Amino acid sequence: APDPEVQVPLTKRARYDVAVLQALDKITAQTVRFEASVGKPVRYKSLVFTVKACERSTDEEAVTDAIAFLTIDSQPKAAPGKPTPAPRQAFRGWMYASSPGLHPLEHPIYDAWLITCRAAAPS
C-alpha cells in the first residue's frame, strides 16, 4: 500500500515565463532586483543568468514557494580590443524562493537569489 505520509501533488505546478531575481554585490553592498525571461540570458555585472524554468508550488504543497531552474555563468566583460573571456559556470540547479540558503550561488563577490515567478506582461 502507498505510504500515507507521502504527499504527491495532485496538480502540476504552474509554469511562468519570468523569474524575479535579486543580486547583491558584496563589495559595494548594492542590491538590485531584476527580471529574467525564461530562455533569455540577462547580465548583472560579470554574471549571466539564464532561467530554464520557473514555477510556483500548488495549493496541495505544504510550503508556498517559487522554484526556478537556472544557470549562472561568470563572464567578465571584454576589455577594449580584447576577446570576451570564456564563461565559467558559477551555478546550475534549482533555487527556492523560500529557502535561499538551500542551493546558494557560491561566488566571492556576488550573491543572488530567487524572489518569485510571474507571468510575462501581455505585449
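In this predicted model, a salt bridge joins the side chains of Arg15 and Glu55, at 2.8 Å from N to O. Arg15 sits in strand β1 and Glu55 in strand β5, so the contact ties together parts that lie 40 residues apart in sequence. The count of salt bridges comes to five. There is one disulfide, formed by Cys54 and Cys117.

**The Arg15–Glu55 pair: accessibility**

- Arg15 has 56% relative accessibility, over the 50% cut-off, so this residue counts as exposed.
- Glu55 has 8% relative accessibility, under the 20% cut-off, so this partner counts as buried.

**The Glu61–Arg13 pair**

- Glu61 and Arg13 meet through their side chains in another salt bridge, with an N to O distance of 2.7 Å.
- This pair links distant parts of the chain, with the two residues 48 apart.
- Glu61 belongs to the loop between β5 (47-56) and β6 (66-74).
- Arg13 belongs to the segment before β1 (14-15).
- Arg13 is at 32% relative accessibility and therefore counts as partly exposed.

**Network**

- Salt bridges link Arg13, Arg15, Glu55 and Glu61 in a network.
- The network includes exposed Arg15, partly exposed Arg13 and buried Glu55.

**The Glu35–Arg118 pair**

- The side chains of Glu35 and Arg118 form a salt bridge at 2.5 Å, N to O.
- Glu35 is in strand β3 (residues 30-37) and Arg118 is in strand β8 (residues 110-118), so this salt bridge ties together parts 83 residues apart in sequence.
- Glu35 counts as partly exposed, at 40% relative accessibility.
- Arg118 also counts as partly exposed, at 26% relative accessibility.

**The disulfide**

- The sulfur atoms of Cys54 and Cys117 are 1.9 Å apart, and the two residues form a disulfide.
- Cys54 lies in strand β5 and Cys117 in strand β8, so the bond ties together parts 63 residues apart in sequence.
- The S-S torsion of Cys54 and Cys117 is about -80°, so this disulfide is left-handed.
- Both Cys54 and Cys117 are buried.

**Strands that carry these contacts**

- Strand β5 holds Glu55, the partner of Arg15 in strand β1.
- Strand β5 also holds Cys54, whose disulfide partner Cys117 is in strand β8.
- Strand β8 holds Arg118 too, which pairs with Glu35 in strand β3.

Definitions and conventions
Residues are numbered from 1 along each chain as its sequence is written. This is a predicted model: local features need pLDDT of at least 70, side-chain atom pairs count only at pLDDT 80 or more; totals for chains, interfaces and linings use all residues. Side-chain values use heavy atoms; hydrogens and water are left out. A salt bridge is a side-chain nitrogen of Lys or Arg within 4 Å of a carboxyl oxygen of Asp or Glu. Helices (H or I, at least four residues) and strands (E, at least two) are DSSP runs, numbered from the N terminus. Buried means under 20% relative accessible area, exposed over 50%, partly exposed in between (1.4 Å probe, protein chains only). A disulfide is a pair of cysteine sulfur atoms within 2.5 Å.
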